[in-house]
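User: Hi! Could you walk me through this structure before I head back to the bench?
Analyst: Happy to. Here it is, and then we can start with the strands.

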Amino acid sequence: GLRIAATVKLTTNGMLWFVPSQTTSRTYSVNLAEGTCSCTDYVTRKVKCKHIIAVEFTIAREGT
């Protein structure tokens, strides 16, 4: 999550954030209001994934 936040630009539309995959051309959507992500890891395990961590780190770093 920290590597993603440090190396790519995350975009947002309100509480919905768009996080690029580290290994493919996909972009995952993170909904902070619900604490969810569209990636397979989150959908399967229902625990905080690296994409959610990347968004949280970006918000903390930028103070947004």
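Analyst: Let's begin with a strand pair: Val 30 has Cys 37, in S4, as its bridge partner. Please keep in mind that this is a predicted model.

User: Thanks! What is the bridge partner of Asn 31 in S4?
Analyst: That is Thr 36. S3 and S4 run antiparallel and are joined by two bridges.

User: And what about the hairpin of S3 and S4, how many residues lie between the strands?
Analyst: Four residues lie between them, and in that hairpin Gly 35 has a positive phi near 70 degrees.

User: How many bridges join S2 to S3?
Analyst: Five, and S2 and S3 run antiparallel. One of the pairs is Pro 20 with Thr 27, the latter in S3. The hairpin that joins S2 to S3 goes through six residues.

User: So in what order do the strands sit in the sheet?
Analyst: The order is S1-S2-S3-S4, in an open sheet of four strands with antiparallel pairing. Strand S1 (11-13) and S4 are at the edges with a single partner strand each, so each has one side without a neighbour in the sheet.

User: Switching to helices. What span should H3 have, and what does the model give?
Analyst: Helix H3 covers residues 50-62, which is 13 residues, and at 1.5 Å a residue it should span 18 Å. The C-alpha atoms at its ends are 18 Å apart, so the two agree.

User: Which residues of H3 are buried?
Analyst: His 51, Ile 52, Ala 54, Val 55 and Thr 58 are buried in H3. Looking down the axis of H3, the buried residues fall within an arc of 160 degrees, so they line one face of the helix.

User: What do those buried residues pack against?
Analyst: The buried residues of H3 pack against helix H1 (2-7), helix H2 (40-45) and three strands: S2 (16-20), S3 (27-31) and S4 (36-37).

User: What comes just after H3?
Analyst: Gly 63, which takes a positive phi of about 65 degrees.

User: New topic: how many salt bridges are found in the whole structure?
Analyst: A search of the whole structure gives two salt bridges. In one, Arg 45 pairs with Asp 41, and the closest N and O atoms are 2.8 Å apart. Those residues are four apart in helix H2, which means they are separated by about one helical turn. As a general point, an α-helix has 3.6 residues a turn, so residues three or four places apart point the same way.

User: Is Asp 41 buried, exposed or partly exposed?
Analyst: Partly exposed, at 33% relative accessible area.

User: And which residue does Glu 56 bridge to?
Analyst: Lys 48, with the closest N and O atoms 3.2 Å apart. Glu 56 is partly exposed at 34% relative accessible area, and Lys 48 is also partly exposed, at 48%.

User: Last one, disulfides. How many does the search find?
Analyst: Zero disulfides in the whole structure.

User: Why is there no bond from Cys 39 to its closest cysteine sulfur?
Analyst: The closest one is in Cys 49, and its sulfur is 3.7 Å from that of Cys 39, which is too far for a bond. A disulfide here needs sulfur atoms within 2.5 Å.

User: And which cysteine has the sulfur closest to that of Cys 49?
Analyst: Cys 37, again at 3.7 Å and too far for a bond. Cys 49 counts as buried at 1% relative accessibility, and Cys 39 is buried too, with a relative accessible area of 3%.

Terms used
Residues numbered from 1 in each chain as written. Predicted model: local features only at pLDDT ≥ 70, side-chain atom pairs only at ≥ 80, totals over all residues. Heavy atoms only, no water. Expected span 1.5 Å × (residues − 1). Buried < 20%, exposed > 50% of the residue type's maximum accessible area, 1.4 Å probe, protein only. Arc of directions from axis to C-beta. Contact = heavy atoms within 4.5 Å. Salt bridge = Lys/Arg side-chain N within 4 Å of Asp/Glu carboxyl O. Pairing = 2+ DSSP bridges.
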